[in-house]
Amino acid sequence: MKNFGSLHGFHRIVASLAMAAMLAFGAHGAAAQDAAESAATEQLETLDPAVAADASSEDVAAGASAYTPMKPTEGKGMPVAGAIDVQSQFSPIGKQANGLHIALVWIMAIISIFVLLLFLYVIVRFNKRANPVPSKTSHNTLIEVIWTVVPALILLGIAVPSIGLLSAQYKTPPKDAITIKAIGYQWYWGYAYPDNGDFEVVSNMLTEEEAEASGEPHQLAVDNRMVVPAGVPIRLQTTAADVIHSFAVPSLWFKLDAVPGRLNEKLLLIEEPGVYYGQCSELCGARHGYMPIAIEALPMAQYNAWVLAQGGTVAGAADAAASVAPLQEPESSVPGAPGAGAAPTA
Ligand SMILES: [Cu+2]
């Protein structure tokens with residue numbers, strides 16, 4: 001148990017060091033900014049005017065033509081300055097895992113304090129001055145049984161929820177889950193929507209000025225977000241076009257490698273609408289640190305409206321679409337075309 005406890009403490013020290021390193025890295029980020037600028041500007045020019053317009057508005061438009069990127073909530077779905085713990089969780093699996101994490105920290109703390117108190121007691125009570133003639137006792141069956149059985153029970157108590165969590169994290173998504181595919185490129189993300197007409201959205205990082213202008217955290221803000229429905233199961237598949245990337249969003253407890261030639265999938269269920277940020281988490285080349293992830297979870301009706309605005313299709317389109325937006329020709333979505341969201345040609 002002592003090992004377990006100290007490992008956990010060690011983990012935290014490492015996390016703090018890593019954070020310090022990341023802060024230092026962030027300071028150097030400006031150097032690579034110039035290279036980013038031209039690519040991002042190019043991307044911005046192809047933006048749908050409706051998307052680019054008034055990013056500061058807090059309204060989440062219901063109509064297809066009026067989609068406005070949602071304003072992120074400070075501290076939600078993003079890192080907080082000075083924090084050392086896990087981000088607040090917004091998925092059921094994240095809450096389960098965070099609960100186990102907190103329980104383990106408490107178990108670790110209680111055991112560490114207990115062992116520390118034993119040490120102090122021995123140091124004070126049995127030092128050479130206080131106890132000049134030591135006892136020659138070498139065995140005590142009762143104590144030996146207790147200090148074997150109790151740690152074993154504690155380990156068992158940890159193992160059961162731990163193994164349960166492990167399997168729950170890789171539970172297969174239900175049949176009716178909406179499939180969305182995240183594709184890693186050097187160095188940006190593409191999001192394909194095979195269940196919604198198979199259009200693809202290309203997502204590039206915003207420059208510092210652009211992120212500031214839209215009220216978003218720099219190096220996490222992107223031009224085109226991965227828009228998903230909230231409150232319904234999503235079959236999130238990951239793959240890559242060139243090298244291995246990793247799709248990771250800490251506040252949703254989601255991390256899955258994106259491997260060329262392979263299709264990984266995992267269930268994603270976001271409990272409430274919001275903007276959730278993440279980053280590529282597999283060293284993938286020079287601009288690995290500049291391919292952030294921004295997920296915008298919307299209520300189903302607004303998600304459908306967004307899909308239609310991108311030129312995609314909606315299941316059971318007739319009624320769902322009629323209430324939110326005019327139908328568009330599916331031909332307007334060219335599979336794999338970058339910058340999907342151009343106006344339909346018809
Ligand atoms: Cu990457």
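## Helix α4

Start with a quick check on α4, the helix covering residues 92-125: with 34 residues at 1.5 Å apiece, it should span 50 Å, and its end C-alpha atoms sit 49 Å apart, so the two figures agree. Keep in mind that this is a predicted model.

Which residues of α4 are buried? They are I93, G94 and A97. The cover over these buried residues includes α5 (141-169). As background, an α-helix has 3.6 residues a turn, so residues three or four places apart point the same way.

## Strand β1 and its partners

Now for β1, residues 178-185. Six of its eight residues are buried, so the rest of the structure largely encloses this strand.

β1 pairs with β5 (residues 234-240) through seven bridges, and the two run parallel. Looking for a landmark there? T179 has R235 of β5 as its bridge partner.

β1 also pairs with β2 (residues 188-193), this time antiparallel and through five bridges. Here A182 is bridged to Y191 of β2. A hairpin makes the connection from β1 to β2, using two residues.

## The nonpolar core

How many residues does the largest nonpolar core have? It has 60, and V228 and A294 are the ones with the most contacts inside it. Helix α7 (residues 300-309) supplies the largest share of this core, at six residues.

A294 is worth clicking on. Leaving aside residues up to four places away in sequence, A294 touches L220, A221, V222, R225, M226, V275 and Y277.

Note on methods:
Residues numbered from 1 in each chain as written. Predicted model: local features only at pLDDT ≥ 70, side-chain atom pairs only at ≥ 80, totals over all residues. Core = buried A, V, L, I, M, F, W, Y, C linked by C-beta atoms within 7 Å. Buried ≥ 20, exposed ≤ 12 C-beta atoms within 10 Å, placed from the backbone. Helix = DSSP H or I, 4+ residues; strand = E, 2+ residues; numbered from the N terminus. Contact = placed C-beta atoms within 7 Å. Expected span 1.5 Å × (residues − 1). Pairing = 2+ DSSP bridges.
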